[in-house]
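Me: I have a chain open in the viewer and want to talk through its sheets, and the bits around them, with you. Can you take my questions one by one?

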Amino acid sequence: MTISKPIEATNFIENEINKDIEEGRVPSCVQTRHPPEPSGYLHIGHVRNIVLNYGLAEKYNGICNLRYDDTNPSKESQEFVDSIQEDVKWLGYHWKEIHYATEYFQQNYEIAVKLIKEGKAYVDDLSAEEVSAYRGTLTEPGKESPYRNRSVEENLDLFERMKNGEFEMGSRCLRAKIDMASPNINMRDPVIYRIQYLHHQRIGDSWKIYPSYDFSHPLDDCLEGVTHSICGPEFEDHRPLYNWVVENSGLKNKSRQIEYANLYLKGVILGKRFIKKLVNDGKVSGFDDPRLYTIRGLRRRGVLPESLVNFVNAAGISKAVSVIDPAMLDYFIRSTLNDVSKRVMAVVDPIELVINNIGENEEIEISLADYPQREETTHRKYYFGKHLLIERSDFEIVPPPKYRRFFVGNEVRLNGAYIVKCTGYDTDENGNVTTVYADYDPETKSGTNCAKKVKGTVHWVNKKHSKNVEIRLFENLTLPKEESLSGGKEQTAGEDEFNPNSLIIKNGFVEDDIDYNEEERYQFLRNGYFCLDKDSTKDLLVFNRTVGLKDSYKPNNNQ
RNA sequence: UGGGGUGUCGCCAAGCGGUAAGGCAUUAGAUUCUGACUCUAACAUUCGAGGGUUCAAAUCCUUCCACCCCAGCCA
């Protein structure tokens with residue numbers, strides 16, 4: 001039993017930061033920011049960004065602020081701003097301060113005015129379609145807008161009137177005057193302010209003009225004292241623009257943008273838009289559905305935050321697109337859970353086991369260790385008796401080679417109780433096994449250090465001392481197409497593309513005094529971790545998944 | 001197609017001119033009152049491909065190939 005330890009990571013971003021510090025470009029305490037747009041729930045793909053930003057600040061004794069990139073009210077809501085804070089806290093990270101891009105609107109505006117005065121920005125009257133048409137294509141340069149060379153006075157006046165709400169939404173915008181012929185499309189006079197008459201969740205209707213990401217983000221970074229602005233790969237071509245804004249802002253603090261690759265899990269749905277669609281279509285119960293890889297979905301599945309952090313650190317970081325095998329995540333989930341899980345007995349798919357040589361009402365008290373994986377553990381009482389339940393898969397009429405569990409003539413240990421010898425079985429008219437019979441050996445009680453050793457140990461539950469529960473086995477909710485995992489693009493998926501086996505409901509049994517406890521994690525069988533859920537329709541829900549679904553017994557390989 | 005980026009074991013990923021770290025997965029074995037956990041061992045003569053420079057290259061030069069991102073008044 002090892003205690004999972006935090007994984008130290010060094011990566012190319014740290015190398016860059018170290019260089020900046022050594023060469024005196026930034027103070028040794030760096031400042032980062034975690035800049036989510038409050039337009040969705042956080043998911044596993046965001047954890048890398050969180051670990052990086054908060055982690056880097058921690059590592060360099062700097063600070064990391066949470067800053068909502070809330071410059072597009074049409075997509076954002078308070079629900080998302082609240083959930084993001086909860087999720088970050090749950091992950092174990094702390095921001096120094098909370099800021100909003102909207103807090104900086106006045107300063108953003110003043111800098112825009114300064115740019116206009118310097119002839120570096122102009123109000124364009126072209127429609128959105130025209131702007132697009134004038135922009136050119138990937139291979140052809142763009143055309144300059146006829147409004148590009150308006151006088152500073154006219155621009156100032158127009159921009160002021162935009163701000164005052166005198167124009168229609170979309171009728172005009174403010175553009176940075178850079179280079180319409182640039183091979184980098186982002187530099188072809190990007191729009192930096194647009195007119196927007198939408199109600200904003202934080203600032204209401206106070207502003208009629210909204211800066212674009214490309215304008216506000218670098219400014220807010222500099223204003224806040226950020227030294228390193230870590231972002232996704234999609235902003236790589238925006239870096240020249242980022243730097244242009246920083247250079248022309250007149251701000252003394254100059255932040256530097258560094259991009260890293262996003263993290264995907266093979267076959268796992270992560271797109272914000274996609275997750276929303278699943279929720280809206282009722283495919284899943286909500287943003288916290290355990291099949292989802294949202295932070296809260298994972299959490300509800302019983303995953304612990306350190307698993308996520310360790311996973312992300314172990315996966316490392318580079319600029320190459322990384323599509324990680326979910327088995328790796330599972331490993332980190334298991335390794336954390338293994339340390340903390342209470343071992344209990346439960347049977348997912350039961351068949352009856354009758355002990356021949358014990359009285360109908362006879363009961364033998366046994367003691368079960370709650371945490372056998374630890375040096376010290378508490379114990380609980382349980383009862384061995386005549387009518388027990390075992391897992392259907394723990395009995396075979398014709399045992400495959402090397403099979404260690406129940407088959408007629410074989411001896412097996414009932415976990416925590418006695419060694420038992422299988423004597424026979426009953427089947428129904430269809431040939432399905434209904435009952436298994438066995439004799440127990442009274443000399444082999446658990447804890448007595450009996451000489452007899454047996455290869456297999458089997459979980460069981462006493463029919464009388466167990467309760468019927470609904471057991472929900474969750475598989476990963478995946479898509480067959482790999483391209484569906486991307487976050488940004490329009491994604492289309494038909495209903496039948498979802499894994500239909502993502503939720504399996506079983507009628508199982510658990511020891512009768514195992515009750516809901518938010519903190520507790522459990523393990524039963526050889527491979528399943530679960531937690532109980534308070535929304536249970538019956539006594540409890542069991543969340544399982546690929547966590548530990550590895551079954552070392554593979555008959556086909558053992559022939 | 002113009003620009004930007006990336007290609008090291010099935011999957012991540014170190015490496016930055018001195019002769020291929022590590023993790024996941026896999027395989028074999030030990031241990032085991034969970035076929036779990038733990039343990040031990042195996043697992044790239046080779047770094048997208050071809051040329052070149054060098055005593056020496058995954059690391060430098062060069063050509064080519066593949067994949068990703070960019071033409072929102074989204075972020």
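Me: Which residue in β3 is the bridge partner of L66?
Reply: This is a predicted model, where local features need pLDDT of at least 70, side-chain atom pairs count only at pLDDT 80 or more, and totals for chains, interfaces and linings use all residues. Residues are numbered from 1 along each chain as its sequence is written, chains are lettered from A and ligands numbered from 1 in the order in which they are written, and side-chain values use heavy atoms, with hydrogens and water left out. Strand β2 (residues 63–68) pairs with β3 in the parallel sense over 3 bridges. Across from L66, the bridge partner in β3 is I98.

Me: Which strands stand at the edges of the sheet β1-β2-β3?
Reply: Strands here are DSSP runs of E, at least two residues long, and helices are runs of H or I with at least four, both numbered from the N terminus. Two strands pair if DSSP finds at least two bridges between them. The 3 strands form an open, parallel sheet in the order β1-β2-β3. Each edge strand has a single partner, so one side of each is left without a neighbour in the sheet: they are β1 (31–34) and β3 (98–100).

Me: What angle does helix α7 make with β2?
Reply: Axes are lines fitted to C-alpha atoms, for helices over the stretch in contact (heavy atoms within 4.5 Å), and angles run from 0 to 180 degrees between N-to-C directions. Helix α3 (residues 78–91) lies across β1, β2 and β3, running at about 155° to β2. Helix α7 (residues 213–224) also packs on the sheet and touches β1, β2 and β3, and its angle with β2 is about 145°.

Me: Is S212 buried or exposed?
Reply: S212 sits in the loop between β7 (209–211) and α7. Leaving aside neighbours within four places in sequence, it's in contact with V191, I192 and R194. Buried means under 20% relative accessible area, exposed over 50% and partly exposed in between, with a 1.4 Å probe and protein chains only. At 12% relative accessibility, S212 is therefore buried.

Me: Which strands stand at the edges of the 7-strand sheet?
Reply: That sheet is open with mixed pairing, in the order β21-β18-β19-β20-β14-β17-β22. Each edge strand has a single partner strand, so one side of each has no neighbour in the sheet: look at β21 and β22 (460–462).

Me: Which residue in β21 is the bridge partner of L414?
Reply: β18 and strand β21 (residues 457–458) pair in the parallel sense over 2 bridges. R413 stands opposite T457 in β21. For L414, the partner is V458.

Me: Which residue in the turn between β18 and β19 has a positive phi?
Reply: β18 and strand β19 (residues 419–427) run antiparallel, joined by 3 bridges, and E411 stands opposite K421. The two strands form a hairpin with 4 residues between them. With a phi of about 80°, the turn residue you want is G416.

Me: What is the relative accessible area of V398?
Reply: V398 is in the loop between β17 (387–391) and β18 (411–414). Together with I397, V408 and Y425, it forms a nonpolar surface patch with about 350 Å² of accessible area (Shrake-Rupley method, 1.4 Å probe, only the protein chains shown counting as cover). Patch residues have over 30% relative accessible area and no salt bridge (a Lys or Arg side-chain nitrogen within 4 Å of an Asp or Glu carboxyl oxygen), with like charges joined within 9 Å and nonpolar side chains (Val, Leu, Ile, Met, Phe, Trp, Tyr) within 5 Å. V398 is exposed, at 67%.
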